[in-house]
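Thanks for coming, everyone. I have one structure to walk through today. Please look at the chain and the fold while I talk.

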Amino acid sequence: SPGLHRRVDDHLEKYLSQKPKSIDGSQDNMFPTEIVNNNIANTGPFEQKESLPKNKAVSDDTLFRRSMQLSMEQQAWQKSSEGQKMLEFRRSLPAYKEKDAISNSISKNQVVIISGETGCGKTTQVPQFILESEINSMRGATCSIICTQPRRISAMSVSERIVIERGEKLGENVGYKVRLEGMKGKNTRLLFCTSGVLLRRLLVDRDLKGVTHIIMDEVHERGIDEDFLLTVMKELLPCRPELRLVLMSATINAEIFSSYFNGAPVIQIPGITHPVRTYFLENILESTGYSLTADNQIDDYGQVWKLNKQTSNKRKSHIASSVEEALGSADYSEYSQQTQDSLLCWNPNCINFNLIEYLLCNICENGKPGGILVFMTGWDDIISLKEKLQAHSVLGDPNRVLLLTCHGSMSSSEQRLIFEKVDDGVRKIVLATNIAETSITIDDLVFVIDCGKAKEASYDALNNTPCLLPSWISKVSAKQRRGRSGRVQPGECYHLYPQCVYDSFADFQLPKILRTPLQSLCLQIKSLNLGSISGFLSRALQSPDSLAVQNAVEYLKLIGALDEKENLTILGGYLAMLPMEPKHGKMLVMGAFLNCLDPILTIVAGLTVRDPFLAPLEIKELAEAAKAQFSHGFSDHLALVRAYNGWKVAERKRIGHKYCWKNFLSPQSMKAIDSLRREFQSVLKSIRLIDNKASSYNTYCYDENLVRAVICSGLYPGVCSVVHKDNSLSLKTMEDGQVSLHSKSVNARDFKIPYPWLVFNKKVKVNSVYLQDSTAVSDSTLLLFGGSISIGDVEGHMKMMGGYFEFFMEPSIAITYRTLKRELNELFQTK
Ligand code: CDP
Ligand code: MG
């Protein structure tokens, strides 16, 4: 297109700088108007042109009356029989017994740390204590308490719970605000939000004017947003002597927070815990006539554990044969030839669904009454296990078992079910992620089954490769999981791994800031004007590795979010406002800029949710063939667009489910993509990258090569070179050398990719490096859209880009281009 004769970057820069400057949250009325700051500091790259609504002048008298009214309403509710019952319940919680100590300490100290066992009442009670003490001291109408939660789901469920405890309605005194969703009103005094929402508020309101209390819940989790907030708060507190900070944590390592905040007091809430009988894998097997021994043989799958039949003449019990069946999972077949002596194996790299089923069944038939909580690694294996159990004669019988799931993306109706009491004779089984470890407390549990793993993002700074693989949990997590069973009465916990594996667990989980890529964090630091990235991070609770910081800064420069001097570019400013990874943000920005947003919305949403293309092991071939039908233009991303568009049509005809079934697509993922698309669209609107006229930003959405270019602009430098050798492909990336395509990728089926490059979103390191998804791109696309050359190197960039364009016209420059291409190729070859 002739429009491309100038640098893509120049165009993008011009485009972005012409956009009206606005930040999500100001229009959105993210916080009650009274507490929104109206003197916004000019932070980030934008001048804030529009000012926010002016504070309403409210007289002291009105405030006094409002405060009185608040306390009277509360007293009236407490007198009702329902209110009495609720108050009684609240008073029974360990936290309630510390109410005065907590209130006093908060009034005397700027920072207070509260630690206590999960379920003791920190999350639901402490914010209420503060609210009530403010109301009692007649400051109820002016206080503004913000309580952060690491997850959307807890922000929503806690606020819902608190209004029930107070006999109020959500959105009045108590509300919540999570990304793009919220229930809050003008008079909201206690607001639950995610840490991310508070961080974005800091973008427009550096001093948190009007906020009286910040409560940060679950700080022990050490999420990246939380660690970042802590560092920001530490710098903010001296400027805001009236502001109070309360940190709440499970009984893990509270001292580290206290010493970070100059010896702030720690209030320890004593908990009530019942004894828990603990079984490791060998104990589970003990009564069965089998024993477990580690085989020294290490193969691709890690260490193999032999399950040996004991020589004693103990008659093989009923359980023994079940265990034989239970452990003889699909993975076993892989070993059956190699391990002659051992009957069966335990593979530490797989969760054994059969064993879980066996244990559940055993508890249901022989165990005392009480709910069962099963810790799985993630949403996908929760769903697979659920499907398996539903087909079981006992566990799938709704008259005997109430089978529930508990994970970060469950609906609020699903959530409510978890807390509900079950009828006598029915057993509640909850399949959960580690969300049930500390943030959600289910009361009637007596049994815990722990797979010992969690899907944790980890990051290998040396190879600059993020991995999202299930990994062993820490000892602290195992203890937390165990503790879930002994809350109401003595419990039982089954760890599905041997004790020696437990002994090798790390004591604590590494904080996220030390094990994830820091790109988003670095952008935030820049957009909050917090000075140099490395300087700021050196003042964090625990500073990340300097190599990881360097990688992140280099990356941000490469994609054009930071300039040579580490200043935020205009693009970077936009990326900081988008609540997603910078590469996905950049794709959306470019999609809007080049007016082909629709497919890009689908692609980014698709990369955010669980892979919608299902590949059940038994029928992998069929599933892959189904995906291949959508294959188009050598791109998994374009295949997804086709699958989604087809689903959309089917959905309108009300046959969406059938469509998914036929094409091996996950209906849940499709629905999630659908709603994420809408979410992204409203974010883009709120930062005014697009307006309300969909037709204007979708003009070129059928231009496949343009969409390919946008994909490339986002995914660069995730590039691998494609070289054809005889009848096979040789794929290489700069960091890893030889790589392979995941068998699910449409490109894995075709060895004739007519493009020299593949861009990819995700690579996973298992034994070798696999690219999970890819889109083929041409030299020109890569040259034009791959990354951005910083302002400091305009000359070099012009040479590169200009050289390419003029290639068509002037033979002399064609040589430049060829040299360049050869250099690029060589670069890839040598690595
Ligand atoms: O934050 P912490 O783990 O200390 O406890 P919490 O979340 O404040 O919960 C305290 C108690 O409130 C729990 O033990 C539950 O009995 C109850 N609760 C409930 O019944 N329903 C909820 N949605 C949340 C809590
Ligand atoms: Mg809590």
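I will go through the ligand site, two sheets, three helix pairs and two backbone details.

Before anything else, a caveat. This is a predicted model. Local features need a pLDDT of at least 70. Side-chain atom pairs count only at pLDDT 80 or more.

Start with the ligand. How many residues surround ligand 1? There are 15. The closest are G119, K122, T123, T124 and R161. Next, the secondary structure behind that shell. Two or more residues each come from α6, which is 122-136, and from α7, which is 152-166. Which element gives the most? That is α6, with four residues. Now the chemistry of the shell. Nine of its residues are polar, three are nonpolar and three are charged.

On to the eight-stranded sheet. This one is open, and its pairing is mixed. Read across, the order is β4-β3-β5-β2-β6-β7-β1-β8. The edges are β4, residues 181-183, and β8, residues 266-269. Each of these has a single partner strand, so one side of each has no neighbour in the sheet. From one strand to the next, the twist averages 15 degrees.

Look inside that order for one pair. Strand β2, residues 145-149, runs parallel to strand β5, residues 190-194. Five bridges join β2 and β5. What stands opposite Q149 in β5? The residue is T194.

Just past that strand in the numbering, we pick up a helix pair. Helix α8 covers residues 195-204, and helix α9 covers residues 224-236. Their axes come within 9 Å and cross at roughly 40 degrees. An angle under 35 degrees would count as roughly parallel. At roughly 40 degrees, α8 and α9 are therefore oblique to each other. Their crossing is left-handed. On the α8 side, the contact uses S195, G196, L198, L199 and L202. On the α9 side, it uses D225, E226, F228, L229 and V232. By class, that contact has six nonpolar, two polar and two charged residues.

One backbone detail belongs here. R222 is in the loop between β6, residues 213-216, and α9. This residue is not a glycine, yet R222 has a positive phi of about 55 degrees.

Second helix pair. Helix α23 is residues 570-577, and helix α24 is residues 582-593. The axes come within 9 Å again, and here they cross at roughly 110 degrees. That makes α23 roughly perpendicular to α24. The crossing is right-handed. From α23, the contact takes L571, Y574 and L575. From α24, it takes P582, G585, K586 and V589. Five of these contact residues are nonpolar, one is polar and one is charged.

Third pair. Helix α25, residues 597-608, packs on helix α29, residues 667-686. The angle is about 120 degrees, with the axes 9 Å apart. Perpendicular or oblique? The range for roughly perpendicular is 65 to 115 degrees. At about 120 degrees, α25 is therefore oblique to α29. The crossing of α25 past α29 is right-handed. α25 brings L601, T602, V604, A605, G606 and T608 to the contact. α29 brings I673, L676, R677, F680 and Q681. Six of the residues in this contact are nonpolar, four are polar and one is charged.

Last, the seven-stranded sheet. It is open too, again with mixed pairing. The order is β24-β25-β22-β21-β20-β23-β26. β24, residues 763-765, and β26, residues 775-777, are the edge strands, and each pairs on one side only. Neighbouring strands here are turned by 40 degrees on average, direction ignored.

Inside this sheet, β21 covers residues 728-733 and β22 covers residues 737-741. They pair in the antiparallel sense over three bridges. T733 has G737 as its bridge partner in β22.

A helix also packs on this sheet. That is α31, residues 704-715, touching β23, residues 757-759, and β26. Its direction makes about 100 degrees with that of β26. Stay with α31 for the final detail. P717 is in the loop between α31 and β20, residues 719-725. The peptide bond from Y716 to P717 is cis, with omega near 10 degrees.

That is my tour. Over to you for questions.

Note on methods
Residues are numbered from 1 along each chain as its sequence is written. Chains are lettered from A and ligands numbered from 1 in the order in which they are written. Axes are lines fitted to C-alpha atoms, for helices over the stretch in contact, and angles run from 0 to 180 degrees between N-to-C directions. Angles under 35 degrees count as roughly parallel, over 145 as roughly antiparallel, 65 to 115 as roughly perpendicular and the rest as oblique. A crossing is left-handed if the near helix is turned anticlockwise from the far one by less than a right angle, and right-handed if clockwise. Two residues are in contact if their C-beta atoms, placed from the backbone, lie within 7 Å. Ala, Val, Leu, Ile, Met, Phe, Trp, Tyr, Cys and Pro count as nonpolar, Asp, Glu, Lys and Arg as charged, and the others, Gly among them, as polar. A residue is near a molecule or strand if its C-beta atom, placed from the backbone, lies within 6 Å of it. Two strands pair if DSSP finds at least two bridges between them.
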